[in-house]
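Got the viewer open? Grab a cartoon view with side chains ready to switch on, and let's walk through this one stop by stop.

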Amino acid sequence: MIESLLAFKKYSQDAAYRAAYQGLLDFLRDTAREWAREYPDWTIKPLYQGKFTISFIALVSPRLADHGLKALLVFRYDCFRFQAWLTG
């Protein structure tokens, strides 16, 4: 556990690492704002930052809401990629 914490401390103090992480979160926030402008009748949920597992934004169209569903734009840290999810 101590080794993991020390590694985390090292990376969290690295300016490039912090900038990259902030850039990812800014991208998701900007995408949410753009979708809110593009689809004013949809509900755009706030960014979920996660705990270095996933970060995501959720959007709900009126039709998805009728079925209790949400569409998510998810960034998965374990495989370092974006995915589109449909969830209820």
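Before we start clicking, one term: a salt bridge here is a side-chain nitrogen of Lys or Arg within 4 Å of a carboxyl oxygen of Asp or Glu. By that rule, a search of the whole structure finds four salt bridges, and we'll visit some of them along the way. Keep in mind that this is a predicted model.

**Stop 1: the start of the chain**

Select Met 1, Ile 2, Leu 5 and Leu 6 and show them as a surface. Together they make a nonpolar surface patch of about 480 Å². Ile 2 sits in helix H1, which covers residues 2–12. Is Ile 2 buried or exposed? Its relative accessibility is 59%, so Ile 2 counts as exposed.

**Stop 2: down helix H2**

Now select residues 15–38, which is helix H2. Try a distance between its end C-alpha atoms: they are 34 Å apart, and that agrees with the 34 Å expected for 24 residues at 1.5 Å a residue.

Next, colour Leu 24, Leu 25, Leu 28, Thr 31 and Ala 32, which are buried residues of H2. What covers the buried residues of H2? The cover includes strands E1 (43–44), E2 (54–60), E3 (70–76) and E4 (81–87), so bring those up in the cartoon too.

**Stop 3: two salt bridges along H2**

Stay on the helix and show Asp 26 and Arg 29 as sticks. They form a salt bridge, with the closest N and O atoms 3.3 Å apart. Both residues are in H2, three residues apart, about one turn of the helix. An α-helix has 3.6 residues a turn, so residues three or four places apart point the same way. Arg 29 counts as partly exposed at 27% relative accessibility, and Asp 26 is partly exposed as well, at 32%.

Further along, pick Glu 34 and Arg 37. Here the closest N and O atoms of the salt bridge are 2.9 Å apart, and this pair also lies in H2 with a spacing of three residues, about one turn. Glu 34 is partly exposed at 38%, whereas Arg 37, at 58%, counts as exposed.

**Stop 4: the sheet**

Turn to the strands. Four of them form an open sheet in the order E1-E2-E3-E4, with antiparallel pairing. Why is one side of E1 and of E4 left without a neighbour in the sheet? E1 and E4 stand at the edges and each has a single partner strand, so one side of each stays free of a sheet neighbour.

Zoom in on E2 and E3, which pair antiparallel over six bridges. Click Ile 57 and you'll find its bridge partner in E3, Leu 73. Ile 54 stands opposite Arg 76 of E3.

Then slide across to E3 and E4: seven bridges join this antiparallel pair. Arg 76 turns up again here, standing opposite Arg 81 in E4.

**Stop 5: the hairpin turn**

E3 and E4 form a hairpin with four residues between them. Select Phe 80 in that turn and check its backbone: phi is positive, about 55 degrees.

Finish with Asp 78 and Arg 76 as sticks. Their side chains meet in a salt bridge at 2.7 Å, N to O. Asp 78 is exposed, with a relative accessible area of 61%, while Arg 76 counts as partly exposed at 23%.

Terms used: Residues numbered from 1 in each chain as written. Predicted model: local features only at pLDDT ≥ 70, side-chain atom pairs only at ≥ 80, totals over all residues. Heavy atoms only, no water. Helix = DSSP H or I, 4+ residues; strand = E, 2+ residues; numbered from the N terminus. Expected span 1.5 Å × (residues − 1). Buried < 20%, exposed > 50% of the residue type's maximum accessible area, 1.4 Å probe, protein only. Contact = heavy atoms within 4.5 Å. Patch = residues over 30% accessible without salt bridge, like charges linked within 9 Å, V, L, I, M, F, W, Y side chains within 5 Å. Areas by Shrake-Rupley, 256 points an atom, 1.4 Å probe, with all protein chains shown as cover. Pairing = 2+ DSSP bridges.
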